[in-house]
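Reader: I like to know what stands behind each label in a structural description. Could you take me through the reasoning?

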Amino acid sequence: MSSPETQQTIQKKVVIAACFGTFLEWYDFLTFASLAIYFSVLFFPSGDPVAALLASLGTFGVGMIVRPLGAALFGSLGDRHGRRTIFLVTIIVMGVSTVCVGLLPTYEQVGLLAPALLLLLRMLQGLSVGGEIGGAAVYLTEHAPEGRRGLYTSVLQLMGPLGMMASTLQIIALQYFLSEADFKAWGWRIPFLLSALLLVVSIKSRMNLHESPVFRHLREKNGLAKTPLRDCFRDRQTLGRMGLLFFCISAGGSLLFFSAQVYTNVFLKTVVNLPAAQAGALVMISTLALFPATLFCGWLSDRIGRRPVLLAGLISGAITIYPVFQGLLHYGQQATPDTTMITLLLLVLVIPLACITGPQTATLPELFPARTRYTAVALPHNLSAGWIGGMSPFMVTWLGVHFGDPLAGLWYPTGLLILAALIGLFFLPEVRNRPLDQ
């Protein structure tokens with residue numbers, strides 16, 4: 001049996017390996033989104049700038065569309081052949097695809113081959129991310145110490161904000177030190193090429209890992225699923241909990257993350273009309289506050305249970321989103337914007353988000369039996385992130401334009417959070433102490 005020191009070392013390696021992949025995913029996600037306006041010029045015909053930008057955004061969206069396919073593919077492989085093996089494959093595919101974006105020839109150099117290659121790489125990224133997210137949650141949770149899964153796995157949720165911060169700061173620095181012409185000519189490639197360093201660290205850390213103890217136990221007793229995806233849909237309890245994950249936990253998390261960390265920045269810049277640097281700095285404060293809040297909520301879910309913490313996040317999120325944005329509009333459009341009140345309002349949104357992100361990573365694998373866990377987690381989580389969370393920017397913007405009220409679009413996340421809270425109240429079980437090898 002491993003000594004406590006050896007076991008602790010293994011757990012640290014698992015955390016690092018899981019976190020680097022999630023960090024790389026979000027780093028790539030925001031870098032591509034931030035540079036869409038440049039890609040529209042570099043990779044698409046320049047005759048119609050609007051059509052080129054839409055094509056660029058559409059290429060970005062393809063990555064979201066194929067994520068569920070990747071979840072089904074890699075989830076099934078992970079349940080049949082092992083968490084570690086697929087965990088390594090997904091990070092290699094995602095990392096290599098990201099680096100290759102920085103090496104692509106432009107439309108001016110190779111014509112239509114440029115957007116075709118960009119589309120192919122985005123599809124590979126989307127497929128790998130679909131397997132990566134579920135795999136990281138399952139692998140990390142199956143290595144977590146008993147009684148501390150919530151706190152131990154909540155670290156994974158910090159990688160999203162960290163990846164977004166690293167990407168944003170890097171692009172700001174490049175645009176500050178490079179001329180517009182240099183950034184357009186070659187500077188945009190640097191964030192993608194630098195991701196090669198993250199890829200090397202991720203591969204090295206994952207090569208040193210062992211298979212999860214839960215999967216080894218299943219394999220030893222010949223309990224592996226031969227058709228995991230089919231088994232998920234055949235088992236009524238598993239299928240019901242996949243629906244719970246889709247409509248409740250993953251939907252709530254993606255909606256709250258969009259509202260608290262993404263749309264607040266857009267709202268402060270475009271509706272409140274704060275200077276971009278000031279809006280970014282205010283949102284950055286709330287992002288920094290999210291780190292300790294997430295860890296605390298993960299710890300709290302180990303003490304009082306996953307269910308009360310998750311429900312508190314869904315209910316408080318549904319209650320606070322609309323009035324918080326009303327307050328941002330009120331205090332931001334004064335003769336001298338009240339930045340203190342704006343900061344406090346942004347911190348209000350951090351609380352429900354942390355209540356979801358803290359226990360979420362541990363809760364997802366705890367909901368499902370070991371033999372189909374990878375598939376059952378990855379598929380509904382990626383579907384929800386793409387269909388519900390991914391539609392948030394479009395729906396919030398469209399509703400605001402349609403009703404001529406910038407706050408009208410906020411009824412989209414509010415309404416869905418109310419639905420998620422009701423589903424959670426009636427159907428969300430307590431899974432804190434559930435044995436993972438069942």
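Author: Happily; we will go from the whole chain to single aromatic rings, keeping in mind that this is a predicted model.

Reader: What makes the fold helical, and which elements does the protein chain have?

Author: The assignment gives the protein chain 20 helices and zero strands.

Reader: How do you know whether the radius of gyration agrees with a compact globule?

Author: We set the value against the globule rule. For 438 residues the rule expects a radius of gyration near 22 Å, and the protein chain has 22 Å, so the two agree. The C-alpha trace spans about 65 × 50 × 40 Å along its principal axes.

Reader: And how many of the residues are buried?

Author: Buried residues make up 56% of the 438 in the protein chain. The cut-off for that word is a relative accessible area under 20%. As for contacts with a separation of 6 or more, 85% of them join residues 24 or more positions apart.

Reader: Nice. Now to the rings: why is the pair of Phe 43 and Trp 188 called edge-to-face?

Author: It is one of 18 aromatic pairs in the structure. The ring centres of Phe 43 and Trp 188 are 5.7 Å apart, with 85 degrees between the planes. A pair needs centres within 6.5 Å, and planes over 60 degrees apart count as edge-to-face, so both tests are met.

Reader: What makes this a link between distant parts of the chain?

Author: Phe 43 sits in the loop between α2 (36-42) and α3 (49-65), while Trp 188 sits in the loop between α10 (180-185) and α11 (190-207); they are 145 residues apart.

Reader: Are these two residues buried or exposed?

Author: Phe 43 has a relative accessible area of 0%, so it is buried. Trp 188 also counts as buried, because its relative accessibility is 0%.

Reader: Why, then, is the pair of Tyr 322 and Trp 411 called stacked?

Author: The angle decides. Tyr 322 and Trp 411 have 25 degrees between their planes and 4.7 Å centre to centre. Planes under 30 degrees apart count as stacked, so this pair takes that label. This pair also links distant parts of the chain: Tyr 322 is in helix α16 (residues 306-332) and Trp 411 in helix α20 (residues 411-427), 89 residues apart.

Reader: Is Tyr 322 buried or exposed at 16% relative accessibility?

Author: Buried, because 16% falls under the 20% cut-off.

Reader: Which residues form the aromatic cluster with Phe 43?

Author: Phe 39, Trp 188 and Phe 192 join Phe 43 in one aromatic cluster.

Note on methods
Residues are numbered from 1 along each chain as its sequence is written. This is a predicted model: local features need pLDDT of at least 70, side-chain atom pairs count only at pLDDT 80 or more; totals for chains, interfaces and linings use all residues. Side-chain values use heavy atoms; hydrogens and water are left out. Helices (H or I, at least four residues) and strands (E, at least two) are DSSP runs, numbered from the N terminus. The radius of gyration is taken over C-alpha atoms; the globule rule is 2.2 Å times the number of residues to the power 0.38. Buried means under 20% relative accessible area, exposed over 50%, partly exposed in between (1.4 Å probe, protein chains only). Contact means heavy atoms within 4.5 Å. Rings of Phe, Tyr and Trp (its six-membered ring) pair if their centres lie within 6.5 Å; planes under 30 degrees apart count as stacked, over 60 as edge-to-face and the rest as tilted.
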